[in-house]
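Dear colleague,

I am passing on the structure we spoke about, and my notes on what was found in it follow below. Please read them with the coordinates open beside you.

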Amino acid sequence: RTGRWTSRRAALAAVALLAACEGLGLPVVGPLPEPIGNPGEMTCSEISACDRYLPEEPELWSPPSDPLAAAGCPELVRYALRGDAALDPNAILGALLVPPRSGEGPLELRCVELSIEVPDTARSFEFDLRSVTLEGVHVEIVSEARGRVLLGTEGTISQADFSIHGPIEMIAERAVLWGARVSLEPGRHTPAGSLLANETQFVRLNMGGEGTFAMRRSALRGAQVRASVFRSELSSWANVFVSAATVEVFEADVFQAHVESGHFIAAAGAIRYSEFFECGEIILAAVNVSQTRIADTEVPVLLSASMILNSYVQADLRGSARIVQCALLSDSIDLEGGTVANSALCGVDELAIAAGDAVCVRCDAGAPADLCVSVHREALCPGFESA
């Protein structure tokens, strides 16, 4: 399993390198514009002032202070496992399970607080919850040894709280998690663990700490994610807040997300109705971005075969892209190839396109004088027709 994630990460890094030289899956809203041919054949639509392109803030989910409140537990029955008992938590699990409320399905663990302290002498640790439904459960694990918590396959998880200290992998395989909180913190002398998900549904996930979150062929609906590393492959997000040092996305399907990241890279897919704030670096390869705000970044956004549509861009841009119906507040836009069309230059100091076109552009204060003072036939093209 570790080899699979490593190989996927390597593939994503390879795409990113090319870009710098970058069920599930929702369709892009509306058709993309047809490729722009001869600039003289371009039909200009009315170009709005810069502030008219500013999209609305995405609708983000706010986590409750107590994830177990909705479970309706009068109180939690507490169990603490120490020493040898902590090495085999599944031994006590059988005595804690109750019949399902619905009368059918897997046994349930309800209204329980389970504290597990793994001995420092342990070589490994495993807690198998794949055939159990969890509701109103708090699980705390403290371990300096590497271990695994297995979720999914049969049972569902709702209103559950996982607090993990140490190098424990939580593995969710074909799982369903509703209203879960996951905290991944480092141990005394060991790094924080990880949450690895495959074909898993997350609804109202609150994740914090310093761990790694990686998901493949999964869905994230209504979530707040704070992690050191967040990797997403062939997965969809909706109404999600993400704050991570590194975010890597392959085949993005991102809708209404707020992203804060030191290093964000996306290869293929679509990002819609979202916003990027406090990002150091953004790399987009073959990604369609629409109705999105890209705030200023530490280094120019690197683009490769991407498209930005109906968006509000404050960061500098480099690479190759089609930019249509956007407000561009960048200081510098330097494209090796591509098109800037039906857009407003809002204080842009430098616009350079080595191979491509700039058509139907509105010039606000600060836009390049040599581009914006020419006389043009089209009344709706106050900028210029072609350069």
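R174 is partly exposed, with a relative accessible area of 45%, and its partner in a salt bridge is E173, where the closest N and O atoms are 3.6 Å apart. E173, by contrast, counts as buried, because its relative accessibility of 17% falls under the 20% limit that is used for buried residues. Please bear in mind throughout that this is a predicted model, and that the values in this message were computed from it.

The pair E173 and R174 belongs to a longer list, since a search of the whole structure finds twelve salt bridges. Among them is the one between E117 and R82, with 3.3 Å between the closest N and O atoms. That pair links distant parts of the chain, as E117 lies in strand β2 (residues 108-117) while R82 sits in the loop between β1 (77-81) and α2 (84-87), 35 residues apart. E117 is partly exposed at a relative accessible area of 42%, and R82 is likewise classed as partly exposed, at 40%. Another salt bridge brings together the side chains of D128 and R130, at 2.8 Å from N to O. Of these residues, D128 has a relative accessible area of 23% and is therefore partly exposed, whereas R130 reaches 36% and also counts as partly exposed.

As for the fold as a whole, the chain has four helices and 23 strands. Buried residues make up 52% of the 387 residues in the chain, and the accessible surface comes to about 16900 Å², of which 49% belongs to carbon and sulfur atoms.

Part of the strand pairing can be followed from β6 through β8 to β10. Strand β6 (residues 157-165) and strand β8 (residues 176-185) run parallel and are joined by eight bridges, and within this pairing D161 stands opposite R181 in β8. On to strand β10 (residues 201-209), β8 is again joined by eight bridges, and these two strands also run parallel. Here R181 stands opposite N206 in β10, so that R181 is a convenient residue from which to trace both pairings, given that it faces D161 on the one hand and N206 on the other. When you look along these strands, it may help to recall that in a regular strand the side chains alternate between the two faces of the sheet.

Further along the chain, L302 lies in strand β17 (residues 301-309). L302 is partly exposed, with a relative accessible area of 22%, a value that is not under the 20% required for a buried residue. L302 and L317 are 15 residues apart in sequence, and their C-alpha atoms are 6.3 Å apart in space.

Finally, there is a feature of the surface to look at. Which residues gather there in a patch of negative charge? They are D296, D331, D334, E336, D349 and E350. One of them, D331, is found in the loop between β20 (327-328) and β21 (332-345). D331 has a relative accessible area of 48% and is for that reason described as partly exposed; an exposed residue would have to be over 50%.

With best regards

Terms used. Residues are numbered from 1 along each chain as its sequence is written. This is a predicted model: local features need pLDDT of at least 70, side-chain atom pairs count only at pLDDT 80 or more; totals for chains, interfaces and linings use all residues. Side-chain values use heavy atoms; hydrogens and water are left out. Patches are made of residues with over 30% relative accessible area and no salt bridge: like charges are joined within 9 Å, nonpolar side chains (Val, Leu, Ile, Met, Phe, Trp, Tyr) within 5 Å. Accessible areas come from the Shrake-Rupley method with a 1.4 Å probe; for residues, only the protein chains shown count as cover. A salt bridge is a side-chain nitrogen of Lys or Arg within 4 Å of a carboxyl oxygen of Asp or Glu. Lys and Arg count as positive and Asp and Glu as negative; His and the chain ends are not counted. The place of a charge is taken as NZ of Lys, CZ of Arg, CG of Asp or CD of Glu. Buried means under 20% relative accessible area, exposed over 50%, partly exposed in between (1.4 Å probe, protein chains only). Two strands pair if DSSP finds at least two bridges between them.
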